[in-house]
Amino acid sequence: MIIHNCRIITWGTPNQLLVGMAVRVENDLIAEIATERELLDKYPAEDTLDAHGQFLMPGLICAHTHFYGVFSRGMAIHGEAPADFPEILRKLWWPLDQSLTHEDVYYSSMVCLIDAIKHGTTTLFDHHASPNCISGSLDVIEKAVREAGVRASLCYEVTDRGGIDKANEGIQENIRFINKIDIRGRSDSLITASFGLHAGLTLSKETLEKCREVIPSGYGFHVHVAEHQSDEFDSLNKSGKRVIDRLMDAGITGNNSIFVHGVHLDARELLLLKDRNTWLTHQPRSNMNNAVGMADTESALRLGIPVCIGNDGFSFTMWDEWRSCYLAHKLWKRDPRSMNGANVIRMGAINNARMASHFFNAKIGTIEVGAKADLILVEYLPI
């Protein structure tokens, strides 16, 4: 296919706006970028797509989400409204995930995937929990992802809150699915896997050590960290150490691991993430909704930590997440100079692309020869 009559935003480094150029796609890769005339003359029999002047861009990327969270949209919680994040977990999220069946898992995934496609989001990192239907749950999500035709990293959330048997079942679900994906020689470009963990506050030392011992080589963890200050206090009570120190001692950090939120990390914890090249994802809409605060992502970026942007189960309108990021930090710091547009793009476009490329072992999130042809057309109306 040749896509022409478009304006190309590459999201490369540096970013480029290409006018009068066209893109030729072969199989699932960008094969050539040249002038419209050159490509149309060179390949007269090729299928063509006239973009009618729209922007051609890389598909958007969501660095952390929960497909099953779609069931919470519009849901009323009985009784008094939760007063803090731990109470939100107890009153909303834990009763919800314990209610899920395989059928629920499938349809919640499909609703989110359709939402993602409608809003140009083509790569997603999901973090799943369904404590009463653990085994096979990742296969159900995989089925939905393949039917939708997008790209996804999947994992199951291991936690001790349901007892040791369910923790072990979650461990086995991660191992089984990682081995299933790895059998294909990691050439399956639509699906990859991580080893899911809930958060330090629901994981014992013994469970963390077991997960570290059994994770297949070359894979890392996807885990919530310091979303609320209770995670830090719990870690100090359990180990005398803050969250990142505790997870580092358990062997959970590294460039194959994704740490989520990091709202209440201190300066030393940020340095530990930098030293171990661990990915950190920021979800500003969720942080505002749960009133947990805002992570110091600008400091993390200055340190060189690869901070990315996810949605934590909110709608897959990722530009809304970007916009929320741009605005929320200004209010949080009471400084209109906070969180400039360049930093938002650095997280949402550049770092998200780096993260997707790393975990899928392919060039994703940029328009250049050899990159995956995950492309969207955007009609821009500057009115």
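**Two pockets in a predicted model**

Visitor: How much space lies in the second largest pocket?
Guide: The model is predicted: local features need pLDDT of at least 70, side-chain atom pairs 80 or more, while totals for chains, interfaces and linings use all residues. Numbering runs from 1 along each chain as its sequence is written; side-chain values use heavy atoms, without hydrogens or water. A pocket is an open set of points on a 1 Å grid over the protein atoms alone, where a 1.4 Å probe fits, with protein on both sides within 12 Å along at least five of seven lines. Filling the second largest pocket with probe spheres set on its points, joined across faces, edges and corners, gives about 240 Å³.

Visitor: Which helix gives the largest share of that lining?
Guide: Lining residues have an atom within 4 Å of a point; here they include Trp11, Gly341 and Ile345. Helices H12 (318–333) and H13 (341–360), DSSP runs of H or I with at least four residues, numbered from the N terminus, each supply at least two. The largest share, four residues, comes from H12.

Visitor: How many residues of this lining are charged?
Guide: Asp, Glu, Lys and Arg count as charged; Ala, Val, Leu, Ile, Met, Phe, Trp, Tyr, Cys and Pro as nonpolar; the others, Gly among them, as polar. The lining has six nonpolar residues and one polar. Charged residues number one.

Visitor: Which helix gives the most to the lining of the largest pocket?
Guide: The largest pocket holds about 500 Å³. Its 26 lining residues include Trp93 and Asn289, both among those nearest its centre. H2 (85–98) and H10 (284–289) each supply at least two. With seven residues, the helix giving the most is H2.
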